[in-house]
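Hello,

I am passing a structure on to you, and I hope you enjoy looking through it. Please open it first; my notes on what turned up follow below.

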Amino acid sequence: MAGLGWFVVSSSWAGEAPHGHSKPQVLAPGYGPLEFEPPLPGSYALPPLGVAADGDVLDSRGRATKLRELLDGRIVVLSFIYTTCSDINGCPLATHVLRGVQDRLLDAPSLNGQVRLISLSFDPGRDTPPVLARYGGYFKAPGFDWRFLTTRSQAELAPVLDAYGQWVIRDPEQGALSHLLRVYLIDREGSIRNIYSVSFLHADTLLNDIRTLLME
């Protein structure tokens, strides 16, 4: 299979280069059309990669629940984000791709009710339930099953991040966060079946993987 191709655009997000020209911004493949024909759903296997971990979380209404309770019985796409991330190829990419998955599922009603999207913040100090409710409102279609979650504290968040291997470093002075982008595909039994990095995260391939799991 060919790799996904990166592409360059000019963007004011990257600041101004000399002579008044915008710096070129290299965007991840997930922002553009898929550059190869993916294998047909069901024509390949997605071996289990481990059990999806549990944890104490809060939904966007402030209600406490367990992460595993939100995983059980559906195909789940789980991303770790924070709402103030300024890296266009970080959290904004994850949310962009999940919105693309949402749009494709809305066009396939038979799949829609079998899939849940979850965006879990790793910045609970700033990403409170009301903040996530506003943030989610920009992306979530009415009635679609996309949950925006946070935790009560860093202490409750830490074991979840450790269990999923989600690497985050905090700047204690400025509060900035450095992290790896990781998005997880979880099957109906709660097993992780794929982990996507920035170079391989695309709505089309993710949807094919979802279809593959639903055909099992």
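Arg-152 and Glu-156 make a salt bridge, with 3.4 Å between their closest N and O atoms. Glu-156 itself is partly exposed, at 23% relative accessibility. Please keep in mind that this is a predicted model.

That pair has company: the count of salt bridges comes to 10. One of them links the side chains of Asp-59 and Arg-63, at 2.7 Å from N to O. Here Asp-59 is buried, with a relative accessible area of 16%, while Arg-63 is partly exposed at 47%.

Another joins Asp-145 to Arg-74, at 2.9 Å from N to O. Asp-145 sits in the loop between α4 (129-137) and β7 (146-149), and Arg-74 in the loop between α1 (67-71) and β5 (75-81), so this salt bridge ties together parts that are 71 residues apart in sequence. Asp-145 is buried, with a relative accessible area of 11%, and Arg-74 is partly exposed at 26%. Through shared partners, salt bridges connect Arg-74, Arg-116, Asp-145 and Arg-147 into one network.

Now for the protein as a whole. It has six helices and 11 strands, and 48% of its 216 residues count as buried. Of the contacts between residues at least 6 apart in sequence, 69% join residues at least 24 apart. The protein exposes about 10,600 Å², and carbon and sulfur atoms supply 54% of that area.

Happy exploring, and best wishes!

Notes. Residues numbered from 1 in each chain as written. Predicted model: local features only at pLDDT ≥ 70, side-chain atom pairs only at ≥ 80, totals over all residues. Heavy atoms only, no water. Helix = DSSP H or I, 4+ residues; strand = E, 2+ residues; numbered from the N terminus. Buried < 20%, exposed > 50% of the residue type's maximum accessible area, 1.4 Å probe, protein only. Contact = heavy atoms within 4.5 Å. Areas by Shrake-Rupley, 256 points an atom, 1.4 Å probe, with all protein chains shown as cover. Salt bridge = Lys/Arg side-chain N within 4 Å of Asp/Glu carboxyl O.
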